[in-house]
Amino acid sequence: MPSGLNADTVGPVDVSVVAFEGNHFNGEIVPALRELQQDRTVRILDLAFVSKAEDGSVTVVELTDPAVAETLQQVTDEQFDLLSDEDLRTVSESLTPNCSALVMAWENTWARRLATAVRDSKGEVVMLERIPPETVIEAIAALDGN
């Protein structure tokens, strides 16, 4: 994998916030993230873990912090520090007490070629929307019912 980000060839970059009620992060998603990275489907660019205690106090642990480095570093060898303190503060404000979140930024390496072609063609993505899982499940169920 290339070590740097190149503006001419970078794929689309997404940020995801995965919340865990009751601060029950068990790390089961780490192997899935590692697999996506190893398969070159995505490249993890930045990770942080935000936790809000029952009293409302917030703890932010980034990939470079020893508390998570061993577990989360299995996912990526590089960190590009794309998540700002303001980003993490916004996430923490949205959390309810006794909740935590894994905040991730990743490059969709599978789409590099398409992204480069769009840029080279002077194209612009004017809409991108993710269909909620519930909607997909309902559509599949409707197909199965026919």
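## Fold, helix H1 and the Thr109 loop

From the N terminus on, the elements run β-α-β-β-α-α-β-α-α. That comes to 5 helices and 4 strands. The model is predicted. Its mean pLDDT is 86, and 86% of the residues reach 70 or more. Confidence varies between elements. The two extremes are both helices:

| Element | Residues | Mean pLDDT |
|---|---|---|
| Helix H2 (lowest) | residues 66-72 | pLDDT 63 |
| Helix H3 (highest) | residues 85-94 | pLDDT 94 |

**Overall packing.** The protein has 146 residues, and buried ones make up 32% of them. Among contacts with a separation of 6 or more, 81% join residues 24 or more positions apart. The exposed surface is about 9,500 Å². Carbon and sulfur atoms supply 54% of that area.

**Helix H1.** This helix spans residues 29-38. Val30, Leu33 and Gln37 are buried in it. These three lie on the same side of H1, because they cover an arc of only 65° around the axis. The spacing follows a general rule: an α-helix has 3.6 residues a turn, so residues three or four places apart point the same way.

**After H1.** Arg40 comes just after the helix and takes a positive phi of about 60°. Arg40 is also one of the residues that Thr109 touches.

**Thr109.** Thr109 sits in the loop between strand E4 (99-107) and helix H4 (112-120). Is this loop residue buried or exposed? Thr109 is buried, since its relative accessible area is 12%, under the 20% cut-off. Leaving aside residues up to four places away in sequence, Thr109 touches Arg40, Thr41, Val42 and Arg43.

How values were computed. Residues are numbered from 1 along each chain as its sequence is written. This is a predicted model: local features need pLDDT of at least 70, side-chain atom pairs count only at pLDDT 80 or more; totals for chains, interfaces and linings use all residues. Side-chain values use heavy atoms; hydrogens and water are left out. pLDDT is the predictor's confidence in each residue, from 0 to 100. Buried means under 20% relative accessible area, exposed over 50%, partly exposed in between (1.4 Å probe, protein chains only). The arc is that of the directions from the helix axis to the C-beta atoms. Contact means heavy atoms within 4.5 Å. Accessible areas come from the Shrake-Rupley method with a 1.4 Å probe; for residues, only the protein chains shown count as cover.
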